[in-house]
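Let's take a walk through this one, from the inside out. Keep the viewer open and follow along.

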Amino acid sequence: MSYGDASEKVLRSNIGLFAIKAGSLAERLAEYLAHNMGVKSSYFRENCLPSSSYLRMNRYPPCPLSFEVYGLIPRTDSDFLTVLYQDQVGGLQLRKDGRWLSVRPNPQVLIINIGDLFQALSNGVYKSIEHRVVGQSEVERYSAGYFYCPSDEAVIESLSKPAVYRKFSFNEYRQQVQKDVGATGDKVGLSRFVL
């Protein structure tokens with residue numbers, strides 16, 4: 001085995017370990033948040049399998065026009081929860097009260113985003129976070145995000161009444177998002193499922 005093969009094997013092992021730990025954390029957090037709303041604790045274990053969630057590694061190269069270019073356009077996540085690790089470069093911003101706020105990088109902290117599905121499940125009690133990544137002019141930025149998703153058949157239904165959102169499957173939601181992006185170039189999201 002060459003040095004490159006060995007380092008690649010270690011890297012793959014570390015990425016796999018991060019996915020396992022992030023998945024476990026996402027499940028525990030989801031169950032805790034849902035418990036506060038009266039959801040049975042088995043909902044996430046039954047519907048969010050390791051095979052339905054995924055890990056995304058992101059690399060944002062330096063961009064001399066960083067003030068004009070987004071590494072990630074403003075959006076919300078189409079999952080229950082996102083567990084994000086970002087490097088020390090920064091660039092992640094969250095929208096709050098109509099203003100973009102930068103998230104200061106901290107190597108000891110994971111960022112947890114509420115996604116669209118949790119907003120629908122909680123009937124709007126928990127809000128999906130709009131976020132973006134602004135480009136950096138001189139340095140690369142890296143991040144790793146674990147997206148806690150249900151199986152395609154999982155039903156998302158508002159827990160309290162009157163419901164704000166109609167009942168839908170995750171597959172239906174993903175197909176609608178893809179259709180909207182194809183037609184408009186943008187994600188419309190949960191507003192398509194408002195009653």
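What follows covers the nonpolar cores, the aromatic pairs and a patch on the surface.

Bear in mind that this is a predicted model. A good place to start is the largest nonpolar core, which has 31 residues. Phe44, Phe80, Phe118, Tyr148, Ile156 and Phe168 have the most contacts inside it. Several elements give two or more residues to this core: helices H1 (3-35), H2 (42-47), H3 (116-121) and H4 (170-184), plus strands E3 (81-86) and E8. H1 supplies the largest share, with 6 residues. Zoom in on Phe168 and, leaving aside residues up to four places away in sequence, you'll find that its contacts include Leu117, Ala154, Ile156, Tyr173 and Phe193. Another core lies apart from the largest one; it has 6 residues, among them Tyr60, Leu92, Val103 and Ile111.

Now for the rings. The model has 11 aromatic pairs. One of them is Tyr54 with Phe147, a stacked pair at 4.9 Å centre to centre and 15 degrees between the planes. Tyr54 sits in strand E1 (residues 54-60) and Phe147 in strand E8 (residues 141-148), so to speak two distant parts of the chain, 93 residues apart. The partners differ in cover: Phe147 is buried, at 7% relative accessibility, whereas Tyr54 is partly exposed at 35%. Elsewhere, ring pairs join Tyr43, Phe44, Phe80, Phe118, Tyr126 and Tyr148 into a cluster.

Finally, the outside. Tyr85, Leu110 and Ile112 make up a nonpolar surface patch, together offering about 230 Å² of accessible area. Leu110 belongs to the loop between strands E5 (99-102) and E6 (111-114), and its relative accessibility of 37% makes it partly exposed.

Methods:
Residues are numbered from 1 along each chain as its sequence is written. This is a predicted model: local features need pLDDT of at least 70, side-chain atom pairs count only at pLDDT 80 or more; totals for chains, interfaces and linings use all residues. Side-chain values use heavy atoms; hydrogens and water are left out. Patches are made of residues with over 30% relative accessible area and no salt bridge: like charges are joined within 9 Å, nonpolar side chains (Val, Leu, Ile, Met, Phe, Trp, Tyr) within 5 Å. Accessible areas come from the Shrake-Rupley method with a 1.4 Å probe; for residues, only the protein chains shown count as cover. A salt bridge is a side-chain nitrogen of Lys or Arg within 4 Å of a carboxyl oxygen of Asp or Glu. Helices (H or I, at least four residues) and strands (E, at least two) are DSSP runs, numbered from the N terminus. Buried means under 20% relative accessible area, exposed over 50%, partly exposed in between (1.4 Å probe, protein chains only). Rings of Phe, Tyr and Trp (its six-membered ring) pair if their centres lie within 6.5 Å; planes under 30 degrees apart count as stacked, over 60 as edge-to-face and the rest as tilted. A nonpolar core is a set of buried Ala, Val, Leu, Ile, Met, Phe, Trp, Tyr and Cys residues joined through side-chain atoms within 4.5 Å. Contact means heavy atoms within 4.5 Å.
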